[in-house]
Amino acid sequence: APADEMFAPFAHPIVWLMAGAAVIGAAVERTRLDRKIAAACLPRRPQSLWLTLGRVAGITCLLSGVRPGASTAAMMVPVAREATGPLGRRSEATGLLAVGAMASVGGLLTPIGAPSNLIAIAAIAQYGTTDLPFLHWCLMALPVVALLWLASLLWLRLRLGADAGRRVHGDLKLPGNAVLPTTAALHLADTRPFAWGMDRGQAAALFVAIAAMLLWLAPGVLATQVPAGVVALLGAAMLFVLPAAPRRAGGVALRRSVLSWPEAAQIDWGEILLLGGGLALGHQMVATGLSHWLGDLTVRALSVNGVWGLTWLVTALALAITQVARNTVTAAVLCPLAVVAAQQIGVSAVAPCVATAMATSLAFCMPLSSDANAVVFAAGSIEAREMARSGLAGMVFGFLVVPPLAIAMGSLLALV
């Protein structure tokens, strides 16, 4: 293919959406807004270990929907270790495994949670016959994420055993305004409150994040539509203008914006380039006919003749491949294949493609299966066989719940 055609997907609006969202996420991290939100959700008084780790897992899951899962896992690892440290290695490993898994699961919540989600949306729009709005993705993902989090609570209860009911830091006598060591592990900076307990920079970052999210969700409700990539870039641009708390240098207060370009330049550009490369790979698979050939071969060899069979099949393939390959690459290969195969058997491509993207994020089995796994494994308390066993259980549960929920929610939203 000509170079201009080959590299055109790197300028796809989905790539700009990912870049703008990454800059907004960088502002949330720099202002420590993510830590502020996590601290507000953690218990203020001693609770059982099971409930504490359940909250930690839930917070990790929610934050990973709007910022990189690996960064969220790195932030929450000290919290889990602080909660479980006195109880031995097994309890600590349990907490870390929950953090790693929920950091991956949380990426399903929104299209910007993982590059594979955006690849699925682009494949449906480019090779299918419909668009998948931001809101509809969130609605399809919500029951899947909720069930996986509930399953993690059950897994925590069973694995912790007798330690599940032990009160975390229950022997401490804290003053009324003190925080538990689990919250202190977030290393919240002392700031001058501006509004709702946040400083000026945190308030500005929260305003931009909420405004961008509302504009991303609007096309699923309103007839008007603002391109998601434009929203992301406008939101990112606002962060270079909105003022943060002034810093002092030589006794002089210097005004500064929420985010500076050197800080924004630290985002993971490699992930954005990988997304562009994935889109280019998918486009060439379709353009050269490889996806059509593979889709026809799959449909004929396995006698797939309905949306249920196709969705189960591509989910199984995605779950197997993503344990040893990047989810972005897995989605780039399988999402166009799912769309083409759906067209060949005359069914909607939404459920198979969405299920494929969701399955690529359920990489739990090995430290190198995902960045979040690598972060928690590097903490040193988890054995590889522990991660493999718990990851296999999570993979099987994901295989059981993702296809039926993708089809059910797609039918409910009139997309299947």
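E263 counts as partly exposed, at 25% relative accessibility, where partly exposed covers the range between buried (under 20% relative accessible area) and exposed (over 50%), computed with a 1.4 Å probe and protein chains only. The side chain of E263 meets that of R30 in a salt bridge, with 3.6 Å from N to O; a salt bridge is a side-chain nitrogen of Lys or Arg within 4 Å of a carboxyl oxygen of Asp or Glu. This is a predicted model, in which local features need pLDDT of at least 70 and side-chain atom pairs count only at pLDDT 80 or more, while totals for chains, interfaces and linings use all residues. Residues are numbered from 1 along each chain as its sequence is written, and side-chain values use heavy atoms, with hydrogens and water left out.

**Salt bridges**

- The structure holds ten salt bridges.
- The pair of E263 and R30 links distant parts of the chain, 233 residues apart: E263 lies in helix 12 (residues 261-264) and R30 in helix 2 (residues 13-30). Helices are DSSP runs (H or I, at least four residues), numbered from the N terminus.
- R30 counts as partly exposed, at 30% relative accessibility.
- R326 and D371 form a salt bridge in which the closest N and O atoms are 3.2 Å apart. This pair also links distant parts of the chain, with R326 in the loop between helix 15 (307-322) and helix 16 (327-345) and D371 in helix 18, 45 residues apart.
- Both partners of that bridge are partly exposed: R326 has 34% relative accessibility, and D371 has a relative accessible area of 39%.
- A further salt bridge joins the side chains of E383 and R385, at 2.9 Å from N to O. R385 counts as exposed at 56% relative accessibility.
- E29, D34 and R67 are joined into one network by salt bridges that share partners.

**Surroundings of E383**

- E383 is located in the loop between helix 18 (371-377) and helix 19 (384-412).
- The residue is partly exposed, with a relative accessible area of 32%.
- Neighbours within four places in sequence aside, E383 is in contact with R89 and F377; contact means heavy atoms within 4.5 Å.
- The side chain of E383 also makes a polar contact with the side chain of R385, at 2.9 Å. A polar contact is a pair of N or O atoms within 3.5 Å; within protein, one must be able to donate a hydrogen and the other to accept it, and residues adjacent in sequence count only if both atoms are side-chain atoms.
- From C-alpha to C-alpha, E383 and A357 are 28 Å apart in space, and they are 26 residues apart in sequence.

**Buried charged residues**

- D34 is found in helix 3 (residues 33-41) and counts as buried at 1% relative accessibility.
- Not counting residues up to four places away in sequence, D34 touches V28, E29, L63, R67 and M75.
- R159 has its place in helix 8 and is buried, with a relative accessible area of 13%.
- The side chain of R159 makes a polar contact with the side chain of T94, at 2.6 Å.
- Residues touched by R159, leaving out those up to four places away in sequence, are R90, A93, T94, L97 and E386.

**Aromatic pairs**

- The structure holds four aromatic pairs. Rings of Phe, Tyr and Trp (its six-membered ring) pair if their centres lie within 6.5 Å; planes under 30 degrees apart count as stacked, over 60 as edge-to-face and the rest as tilted.
- The rings of F7 and F10 have centres 5.9 Å apart and planes at 40°, so this pair is tilted.
- F7 is exposed, with a relative accessible area of 53%, whereas F10 is partly exposed, with 28%.
- F134 and W216 form a stacked pair, at 5.4 Å centre to centre and 15° between the planes. F134 lies in helix 8 (residues 134-160) and W216 in helix 10 (residues 200-217), so the pair ties together parts that are 82 residues apart in sequence.
- F134 and W216 are both buried.

**Nonpolar surface**

- L215, V226, V230 and L234 make a nonpolar surface patch of about 320 Å². Patches are made of residues with over 30% relative accessible area and no salt bridge; like charges are joined within 9 Å and nonpolar side chains (Val, Leu, Ile, Met, Phe, Trp, Tyr) within 5 Å.
- L234 lies in helix 11 (residues 228-239) and counts as exposed at 52% relative accessibility.

Methods. Helices (H or I, at least four residues) and strands (E, at least two) are DSSP runs, numbered from the N terminus. Accessible areas come from the Shrake-Rupley method with a 1.4 Å probe; for residues, only the protein chains shown count as cover.
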